[in-house]
Amino acid sequence: MPSGVELIEGRTKLLVPEQHSSRGPGTRTADVFFNEQMAFGRDVTIMFLKALDKNGITAADAMSATGARAVRIANEVKDTIVVANDADPKAIPYIEHNISLNSLSNCTSSNKDLHVLFAESSFDYVDIDPFGTPVPFIQSAIRGCRKKGVIAITATDTAPLAGAQTGKCRRRYQSEPIRGYMCHESGLRILMCSIARELAKFDRGMKPLLSFYADHYFRTYVQVEEGAAATDRSLGQLGFMHYDPKTLERSVSEHCSKEHDKGPFWLGPLHDKKLLARMDAAGMEKEKRCAKMLALWKNELDEQTFLYDISELSSFTKMSPPKMEVLIEALNCAGKTTPTHMSPTSFKTELDAEEVISIYIRTSPDNKM
Ligand SMILES: C[S@@+](CC[C@H](N)C(=O)[O-])C[C@H]1O[C@@H](n2cnc3c(N)ncnc32)[C@H](O)[C@@H]1O
């Protein structure tokens with residue numbers, strides 16, 4: 001039996017190494033990786049797969065470590081057949097122990113490099129959860145995903161994606177990232193753009209079902225669509241953003257032309273709102289956080305818009321910020337405006353920068369008129 005501590009996450013018992021990460025991106029404190037903070041991310045997978053509501057779904061958790069996500073799927077989502085795979089032989093005793101701890105007959109362990117796993121077999125749901133960038137694994141994930149299947153991909157290389165390492169982002173993702181208030185939204189959209197471009201090489205398109213930034217990582221769940229028309233539709237959703245620091249104006253375009261253009265990004269929706277409506281936080285390990293995030297995702301504007309931040313408007317106008325609720329309500333009277341899950345001080349709006357700035361000035365406590 002592998003050594004470690006037993007805990008319960010969601011409705012599932014897990015044995016994990018005693019020395020494990022409890023927050024942050026997770027350091028390799030033990031031979032086999034486990035990060036308690038990722039319980040939220042695993043909760044999202046459970047809520048997502050329950051809401052997909054497909055019978056007999058085959059799932060591959062390709063980078064399983066202790067098997068935490070795979071074993072939770074097999075135990076908490078009915079009618080699933082799950083493979084918990086990891087290339088590291090030290091992970092396998094944990095995976096096998098966790099399968100038997102929950103008396104599961106619908107989960108098997110696998111000790112393969114995922115490139116081999118996905119050359120040999122394909123699945124309805126493919127999960128890629130690497131240390132750092134997923135770029136080296138995306139093509140294999142696509143090969144291992146069945147027709148109309150779903151690929152879920154995590155990226156923890158936030159520094160390049162969010163613009164702190166521009167050169168690395170250019171090399172890895174062939175995109176120009178954005179620093180500052182829009183960095184997380186743009187990082188997520190660069191990851192999604194890169195998945196769409198890889199899928200296109202296989203004549204496959206994508207429909208994002210759920211995409212988010214949390215803690216130290218980006219994660220997206222995309223439905224794979226087959227054929228040239230679907231691929232062209234996907235590629236048609238890629239584009240650039242023009243940002244003018246003198247006016248705060250943001251606009252999107254198909255081609256990169258101006259001095260301040262960034263991208264390319266995925267400019268289509270982040271989520272499928274119908275699927276989100278079926279997702280339920282009840283019984284999740286981080287139930288309160290899941291409920292809060294679900295409410296934000298369901299409500300947020302998620303297409304063709306880039307967020308504004310209240311601190312950005314404060315430093316631009318040199319006026320104190322109004323309360324966030326007051327500002328959003330005032331903006332919403334002029335055009336659809338919503339909070340965003342990216343940051344509690346940011347919002348998304350259909351309004352242009354001039355209107356946003358004028359409403360900010362009107363609602364600022366410094367404005368005595
Ligand atoms: C961040 S951990 C996964 C964490 C896990 N999904 C969880 O929720 O606890 C990444 C894992 O990927 C495995 N890995 C790295 N390269 C791999 C490859 N080419 N094929 C399969 N597994 C790989 C590592 O051994 C490690 O256990």
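**Entry 1: the start of the chain**

I began with strand β2, residues 12-16, and found it mostly covered, as four of its five residues are buried. A reminder to myself: this is a predicted model, and I read every entry below with that in mind.

Next I asked how many bridges join strand β1 to β2. I counted five between β1, residues 5-9, and β2, and the two strands run antiparallel. To pin down one pairing, I looked up Val5 and found that its bridge partner in β2 is Val16. I also checked how the chain gets from one strand to the other: β1 and β2 form a hairpin with two residues between them. Gly10 sits in that turn and has a positive phi of about 65°.

**Entry 2: two aspartates with positive phi**

Gly10 made me curious about residues that have a positive phi without being glycine. Asp53 is one of them, with a phi of about 55°. I found Asp53 in the loop between α1 (39-52) and β3 (57-61). Is Asp53 buried or exposed? Asp53 has 12 other C-beta atoms within 10 Å, and a residue with 12 or fewer counts as exposed, so Asp53 is exposed.

Asp203 also has a positive phi, about 60°, and is not a glycine either. I traced Asp203 to the loop between α8 (183-200) and β8 (204-214). Here I noted 13 C-beta neighbours inside 10 Å, so Asp203 counts as partly exposed.

**Entry 3: a cis peptide bond**

I then looked at the peptide bond from Gly263 to Pro264 and noted that it is cis, with omega near 10°. Where does Pro264 lie? I placed Pro264 in strand β12, which covers residues 261-266.

**Entry 4: two helices that cross**

My next stop was helix α12 (residues 310-317) against helix α14 (residues 353-363). I noted an angle of about 80° between them, with their axes 11 Å apart. The two helices are therefore roughly perpendicular to each other.

Which residues meet there? On the α12 side I listed Leu313, Phe316 and Thr317, and on the α14 side Ile357, Tyr360 and Ile361. Sorting the residues of this contact gave me five nonpolar, one polar and no charged.

**Entry 5: around the ligand**

I finished with the ligand and asked how many residues surround it. The answer is 20, and the closest are Met63, Ala65, Ala87, Asp88 and Leu114. I sorted this shell too: twelve of its residues are nonpolar, two are polar and six are charged. So much for today's page.

Notes
Residues numbered from 1 in each chain as written. Predicted model: local features only at pLDDT ≥ 70, side-chain atom pairs only at ≥ 80, totals over all residues. Axes fitted to C-alpha atoms, helices over the stretch in contact; angles between N-to-C directions. Parallel < 35°, antiparallel > 145°, perpendicular 65-115°, else oblique. Contact = placed C-beta atoms within 7 Å. Nonpolar A, V, L, I, M, F, W, Y, C, P; charged D, E, K, R; others polar. Near = placed C-beta within 6 Å. Buried ≥ 20, exposed ≤ 12 C-beta atoms within 10 Å, placed from the backbone. Pairing = 2+ DSSP bridges.
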